[in-house]
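Reader: I would like to go through this model feature by feature. Please give me the general idea first, then the case here.

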6 protein chains.
Amino acid sequence: MSPSRPFEPDAGVLSGATADVYFDRAQTILQAEQLDPVVTMEVFPRGDGILCGIQEVVAYLRRILGPEHHHDPNPLVEALGEGEAFAAKEIVLRITARYSAFGLYETAILGTLSQCSGWATAARRIVEAAAPIPVIGFGARHVHPKVADQMDYASVVGGCIGASTPAGAGMAGLSPTGTMPHALVLIFGDTVRAAEAFDRHIDPDVPRIVLVDTFKDEAEESLRVAEALGDRLWGVRLDTPSERGRVTPELVKEVRARLDQAGHPKVRIVVSGGMDVERITVFKDAGAPVDSFAVGSAISDAGPIDFTGDLKEIDGHPVAKRGRIPGRTDSPRLRPVDLAG
Amino acid sequence: MSPSRPFEPDAGVLSGATADVYFDRAQTILQAEQLDPVVTMEVFPRGDGILCGIQEVVAYLRRILGPEHHHDPNPLVEALGEGEAFAAKEIVLRITARYSAFGLYETAILGTLSQCSGWATAARRIVEAAAPIPVIGFGARHVHPKVADQMDYASVVGGCIGASTPAGAGMAGLSPTGTMPHALVLIFGDTVRAAEAFDRHIDPDVPRIVLVDTFKDEAEESLRVAEALGDRLWGVRLDTPSERGRVTPELVKEVRARLDQAGHPKVRIVVSGGMDVERITVFKDAGAPVDSFAVGSAISDAGPIDFTGDLKEIDGHPVAKRGRIPGRTDSPRLRPVDLAG
Amino acid sequence: MSPSRPFEPDAGVLSGATADVYFDRAQTILQAEQLDPVVTMEVFPRGDGILCGIQEVVAYLRRILGPEHHHDPNPLVEALGEGEAFAAKEIVLRITARYSAFGLYETAILGTLSQCSGWATAARRIVEAAAPIPVIGFGARHVHPKVADQMDYASVVGGCIGASTPAGAGMAGLSPTGTMPHALVLIFGDTVRAAEAFDRHIDPDVPRIVLVDTFKDEAEESLRVAEALGDRLWGVRLDTPSERGRVTPELVKEVRARLDQAGHPKVRIVVSGGMDVERITVFKDAGAPVDSFAVGSAISDAGPIDFTGDLKEIDGHPVAKRGRIPGRTDSPRLRPVDLAG
Amino acid sequence: MSPSRPFEPDAGVLSGATADVYFDRAQTILQAEQLDPVVTMEVFPRGDGILCGIQEVVAYLRRILGPEHHHDPNPLVEALGEGEAFAAKEIVLRITARYSAFGLYETAILGTLSQCSGWATAARRIVEAAAPIPVIGFGARHVHPKVADQMDYASVVGGCIGASTPAGAGMAGLSPTGTMPHALVLIFGDTVRAAEAFDRHIDPDVPRIVLVDTFKDEAEESLRVAEALGDRLWGVRLDTPSERGRVTPELVKEVRARLDQAGHPKVRIVVSGGMDVERITVFKDAGAPVDSFAVGSAISDAGPIDFTGDLKEIDGHPVAKRGRIPGRTDSPRLRPVDLAG
Amino acid sequence: MSPSRPFEPDAGVLSGATADVYFDRAQTILQAEQLDPVVTMEVFPRGDGILCGIQEVVAYLRRILGPEHHHDPNPLVEALGEGEAFAAKEIVLRITARYSAFGLYETAILGTLSQCSGWATAARRIVEAAAPIPVIGFGARHVHPKVADQMDYASVVGGCIGASTPAGAGMAGLSPTGTMPHALVLIFGDTVRAAEAFDRHIDPDVPRIVLVDTFKDEAEESLRVAEALGDRLWGVRLDTPSERGRVTPELVKEVRARLDQAGHPKVRIVVSGGMDVERITVFKDAGAPVDSFAVGSAISDAGPIDFTGDLKEIDGHPVAKRGRIPGRTDSPRLRPVDLAG
Amino acid sequence: MSPSRPFEPDAGVLSGATADVYFDRAQTILQAEQLDPVVTMEVFPRGDGILCGIQEVVAYLRRILGPEHHHDPNPLVEALGEGEAFAAKEIVLRITARYSAFGLYETAILGTLSQCSGWATAARRIVEAAAPIPVIGFGARHVHPKVADQMDYASVVGGCIGASTPAGAGMAGLSPTGTMPHALVLIFGDTVRAAEAFDRHIDPDVPRIVLVDTFKDEAEESLRVAEALGDRLWGVRLDTPSERGRVTPELVKEVRARLDQAGHPKVRIVVSGGMDVERITVFKDAGAPVDSFAVGSAISDAGPIDFTGDLKEIDGHPVAKRGRIPGRTDSPRLRPVDLAG
């Protein structure tokens, strides 16, 4: 998939300030020694996963290797695509260019792929466990706000149908998805009053999804809200806190049955609260009638998938550090990237 | 500890674009309903750890709640300090202010604390396992470049004595630490030649630490480098790749013995490559004469520690969602924050 | 401890109809062969535990070996006392009498001790885990009604301070303990109305303990009931079903806090629902302010502790089957039983 | 299957003395409030198993709901049959009647089903593990004599071909099964003499099964007994005590071989002593030529399978406590019970 | 398979000095009592495996039971063949002869089969794990030199294609296989110089296999040796010590790639150093291009497979000790042995 | 400890036929190159244990390095003593001599130490578990007869008080220990008759220990034998086969009790049959009155403890292969060996 709008390279990253300092020193030394070979760098992951961040990496490479720079020879970048599955040690990116042109950005390239692919891979596992029930990414509150949009975007790359931040959803070409915060319900002092206010003031295109665990038993509250909003209620979100035993498959079944018995068969049920592959599987196996899962930390807390960059050719000669096979790796899946962007 | 220079609030974060969208909607609704109570929000973690990111959060709070905004009543912010240990469910931050003034930033506050504390806590565990041998943070290549500096800074908050990016080290008031990339050695085609070039061109204040696993056996290469640089060699870095069985305690002992036998007792040995608490413990238990550990993914890949924000008072009345105790939590360790900054 | 009233031997048991049939056949054969030695039978358990049922066994032995039968020689019965701890393989009962006088009752003697000691031992483990919080036995619904009273009595022998059936509590010299069935609340359609009716019609000496999980969230319902009954409310019982995640320590803390904040610090909290040693320990470790635990299946579902009876002397000569030591076992803790009762 | 003779309701049970006391109080309150709705109660188990005790429950229900009481409306009882398999949470019994007519007996109904089904389910597992080798129930010595007959009956419901107590076997329409007690052999002082006396005095219809582990090695004793009784010997029972390493598959093979070599191929081998599913499987896998297994504690020590009773309709309206689905559960396997009995 | 030359019975063994002393005493007693029955002894193992040592046992039996001794009746020996698979408790050897003729040698017979079969069975498991890559036995340094040849021979019986000692390889009809000791390389001070000396002085028929881990990185050294010896180099042996992380599959791949890139595709790679079934499987699963494995302790350290000898007939009558079936075991796989040898 | 008589070097070993063939080739090459440095070889184990075989190794070294050979310079051998405990990687033997004088024997030296120390270490663990109950080694039937004596000797070095082969016991300066084989009892057809024959014909100095599990129950047979032999009976050996459940602690207690009750308190009880550290511990923990344990496979089946020999000095210069520290290891526990013997 492609992001809905181009990634904007970050000035701090371009300055090299977030690169391992030794790359900066390497540039100094090579310049002083007047060494600037054409090198081929191959980038590969340590584990299996879903590639994410490659679009952002390409945006940087276009900025530094693009045709406006009149490189000699012309740089060559080959890569797998955003959202493609990769195997451990498979080459996902290969850059052939003068070392001086891109050596400084190795840290940024690896870091972008590592963390974004970590998130997208976790999301993919969640989505596969939940299928065909859709999943929405809600993890923004667990990551630093500077990368909340990348995390939300990676969730969508991994298969989520929505994400909760305007920036992240927008990066993926979607509108953000959300219900209402517990704080709003607390300030109104009653779920129904909060829901009615939401219904009065928010754009009708936004689905009315009401949080029903703030004050009362979820089943009781679901019925009250359904009575109050009628057909305008898109769904309820069950988010029972761990102090109350979390959402259980039986709760979903009961809320569904009570809504149906009260004449509200169209009201959907969104389940959240510590949902991960294991818990989603429990709900699936129990046949709980969930309409969608909202997943936060199981995506956002996923660790990076480590990527490594290796020089494999220098001025046309195969090389490698000890432990690696010298020369280019046979990688038929790689496709050339248009650096003119 | 305090960062060496003020955190600069990010425009994207201030805009709310990386906030869960429902916070924005809540602001809309409350404004429409002309509801703007004074609320108290308490923030607490789900697990034990080391607090990090609170300085950055305070920087945002100063921007939005500072005296220049003439809030009525005056906001009150209380918090634990950067680098302090916290227990699961302990209150680490309490904000009392009009909801409209800060409600939109809940996502950013929680995300900053979650991810930074996750990194700092992992670093602390590494540092405790390695003590008294010092630890340097090398994790930048595993995280998105927009947060590489925060990650490096958190490593130092957790106890690392250095970090590898200029931005991250600078945030912590340090110079960046590094050796040389494998790429440099590969381009020179020989470790000794690369080391000599480094020695010629890099500021003499920068310690000469040479990577000795690129072409030859580490023990052989260590001796060659020590002969070539003599007293100017600060140390060697052993970073044996997994394909060659990684660094072992016995390798460190042998390199130490061979360096000593050859008259280089002052050359230090830095060990890196997949070092985590378990592996560091193996080195410690084996009595390997390591001078410092360089640690990457064991810090940078640490998951966030989830934080939650709860409204506990509204216009002076104790409240809580189901599952929480209404009213302020007794929190004697909290200290008021000077919002004038 | 002693039961408050004598056990009444059961006619079916006395007839031998519930004995293994081979004991009846043995009596036939020995009579035909005119063999009736004086034998010593020792009874011992296979595991550690708390002795229960010995009072009932003694009631039978008095009936069959009592002085009105003019046995020659006089039978001798020695035993440990009801509620005493025993070790695996320790002799808890020794009978010396003509075999014809009691051989038929071996099945009944062993069965009574096995099942009652199984229950008492389980109760003791629960009581020790809960101490100093008291425990009430609620297991009658899990056992056959013919032994519900023995099970309740064994719970008290094991340390419970109350039990739920009139027969069982009476056997232990107590009044039965109880709250109200969910059925009552369902018929009234509202917990408060059911509680008020209970309060109107039941003897004032019976503590008002109201079940608060039938219709609404437990915290909300606890407050409604406390408002309605005022000082007459002895306590609430939390019995959250597994479909709602069972009672959690945090729920107890919250209900306690909300009752206290609302001015009802004297209302007690009884916790029930799948409580066993492990779960009770979780509540204790979490510091949940429980006033008493009501325990059912963890006591009633306990398996019997197997007991075995061995002939160890025949007409004064030590004997034993293969695998046992011939002759009387040294058993200083045994005390003679007064068969005159 | 059906019991061979009607269950006789017990006076103590009918009095409610073994019911949880709160049911009695509920009756008092409802009467005082003049509330006596027609309710539907559904009874379901917490786990999978074999239904047992339903015939006894029906006997009670006939006594209290039978046509001689002129109930208005006519009560309706639907149930699964004795010995049928049930799944966790499947409805096995549904009663529609005035609450006053049967509410007091909920404890007895649940307790009967719980304990009897626990025994029958354990027996079924044993029987399935042993098939096609038949199993005899020998557990009476592990349960209270008041329920020894119910336990033996449940063993037969679960698939055992015999049981050891006259009352239990009779309840299942069988003659009791047995060999001889160790006590008899000890009193005679020799296995052969005891066997000969048994043979002289016991009805010729009773199979001669001789216990062969009392004094000598089992193989040696088996041959001695076979020589002494000749064709009248039905079989030998191996019951080696744990102190002698219990019966092993190899022992069975050796005894079989030695009996065959000595010309006694028709003498059967019964194996007992701590037999459970695991040990029976070992014997089966080893191809041990066992003719039948005698099983005690693995059946009698089985815990109850908990059953729950829920009101699901009151005066025709669907109801339920929190956590359950209101209204009748679709239960196509239930069949109406003839209350005229 | 058959050994290439007859086993030579050992005088010490023939003297009975290494027999359990009770066999010697038994001979004394039977002679004094003039008892010398014809007995049948059956020998069986406790576990599954590969028979080895039976040729050596037969050599002893020929010496003591051969036709030159004029035994009456003629002894009969039946056995499985060298290298055949056996199952636990299967009869592998049956001897019918006068007890005086062979009773003393039970210890030697059992010991020979136990230890040799233990080695052969371990070798077979290794060989099966490695197939189709061949395995060479290198275990002599782990066993007493008096049995090093038997161990090597057993490795070949188990499927190894070579072994390292002249005596052991010769027993199996092979030339010994070897490379060069680390000591040789150390004395020459350089691997290439040691290889060249080997090449100068050792018979050209002996394959040149050079150890490449003594001084330098294995990949570097492999290339140096290949350059020096050219086509005369048969292969290199990778034996990386545990202190350097042992040989890894990636090292084999890299050495293969570097040799191929340098124009030495015919140089083979032998892998050694702690290879066992588990590690060999790792290499196989990783697709490492190994040409042969050299295995030492995984064969030589294998424990014996215990064998037992039972008398099953005495003077034509079936007998057995307790626990065994009297009489000959049906053993259709046994074949008569020609005692004339 | 010292062996009772000198070890006799084996001609096959001295010929080098059981050495890895590459040592022979190394000698050829060095001779051709006229290289014969003085080297220091250090020998160390891979695990902790008890040293055994060093006396035998020294016997070889005396033969090849003794003063009659006029070596220049004089060889130096330093070692730990027979039966001393060693730690993993501790130097247990250091040889300084011309390489040509001893290089060929590395395989024999390592093999002798490996296997003998393996046995002695296993014996030590058994002996420590059993203490203060003594242990006798009975493992000869599990090892090749050529090393049965070394194995028995190693058992004694490890702490056993006796061993079963004349050669092995003799090597340790003891008389062999034994009872009688099952074959003897089977031939006599009765344990008592076999015992009486033993008593008639065997030297009165040999303790009468009778095997009591061949035909009858062990307790019954023990009493029969005690009655028959009276005070001449030293003890009984319980060796119940696995088919009869092996010896149990309870059997030992019962046999002890029955012997004592019958007036034979001096008859000892020897326990055998699959005894290992775990089972011995069970007997000890149960307080079984065992007088001695006879242990076979738990000693004889122990795997070798691998030993390695490294050249650490050549003509006075420290050397080492990769992975080892060059030069002599500081080894204060080593003591010089008198090569004049």
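Reader: Start with contacts between chains. How many residues of chain A are in contact with chain B?

Author: Contact means heavy atoms within 4.5 Å. In this predicted model, 94 residues of chain A are in contact with 94 residues of chain B. Some conventions: residues are numbered from 1 along each chain as its sequence is written, and chains are lettered from A and ligands numbered from 1 in the order in which they are written. Local features need pLDDT of at least 70, side-chain atom pairs count only at pLDDT 80 or more, and totals for chains, interfaces and linings use all residues, while side-chain values use heavy atoms, with hydrogens and water left out.

Reader: What area do chain A and chain B bury between them?

Author: Buried area is the accessible area (1.4 Å probe) that two parts lose on being put together, summed over both. Here that is about 7,900 Å², with 60% of it on carbon and sulfur atoms. Y22(A), R141(A) and R322(A) supply 12% of the area that chain A buries against chain B, more than any other three residues.

Reader: How many salt bridges are there between chain A and chain B?

Author: A salt bridge is a side-chain nitrogen of Lys or Arg within 4 Å of a carboxyl oxygen of Asp or Glu. The count between chain A and chain B is 12. One of these joins R141(A) and E106(B), with the closest N and O atoms 3.9 Å apart. Polar contacts follow another rule: a pair of N or O atoms within 3.5 Å; within protein, one must be able to donate a hydrogen and the other to accept it, and residues adjacent in sequence count only if both atoms are side-chain atoms. Between chain A and chain B, 38 residue pairs are in polar contact, both residues at pLDDT 80 or more.

Reader: Which elements give residues to the chain A side?

Author: Helices (H or I, at least four residues) and strands (E, at least two) are DSSP runs, numbered from the N terminus. Elements giving two or more residues include α2 (21–32), α5 (106–130), α9 (191–201) and β12 (307–314) of chain A. α5(A) gives the most, with 10 residues. By class, this side has 45 nonpolar, 24 polar and 25 charged residues. Ala, Val, Leu, Ile, Met, Phe, Trp, Tyr, Cys and Pro count as nonpolar, Asp, Glu, Lys and Arg as charged, and the others, Gly among them, as polar.

Reader: What turn lays chain A on chain B?

Author: Two copies of a chain are related by a rotation about an axis and a shift along it. Copies are superposed by least squares on the C-alpha atoms of residues with pLDDT of at least 70 in both. For chain A on chain B, the turn is 180°, the shift along the axis 0.0 Å and the RMSD 0.1 Å. The two copies are thus related as by a two-fold rotation axis. In chain A, G303(A) has the C-alpha nearest the axis, at 2.9 Å. The interface residues of chain A are 100% interface residues in chain B too, so the copies meet through the same surface.

Reader: And what turn lays chain D on chain E?

Author: The turn is 120°, with a shift of 0.0 Å along the axis and an RMSD of 0.1 Å. These two copies are thus related as by a three-fold rotation axis. In chain D, the C-alpha nearest the axis belongs to E278(D), 18 Å from it. Seven residues of chain D are in contact with eight residues of chain E. They bury about 580 Å², and carbon and sulfur atoms give 47% of that. E254(D), R258(D) and Q261(D) supply 62% of the area that chain D buries against chain E, more than any other three residues. The rule finds one salt bridge: R322(E) with D217(D), closest N and O atoms 2.6 Å apart.

Reader: Now a single helix. Which residues of α9(D) are buried?

Author: Buried means under 20% relative accessible area, exposed over 50%, partly exposed in between (1.4 Å probe, protein chains only). In α9(D), residues 191–201, the buried ones include V192(D), A195(D) and F198(D). The buried residues pack against α2 (21–32) of chain C, together with α8, β8 and α10 of chain D. D190(D) caps the N-terminal end, with a side-chain oxygen 3.0 Å from the backbone nitrogen of V192(D).

Reader: Is R232(B) buried or partly exposed?

Author: R232(B) is partly exposed, at 49% relative accessible area. R232(B) sits in the loop between α10 and β9 of chain B. Its side chain makes a polar contact of 2.6 Å with that of D199(B).
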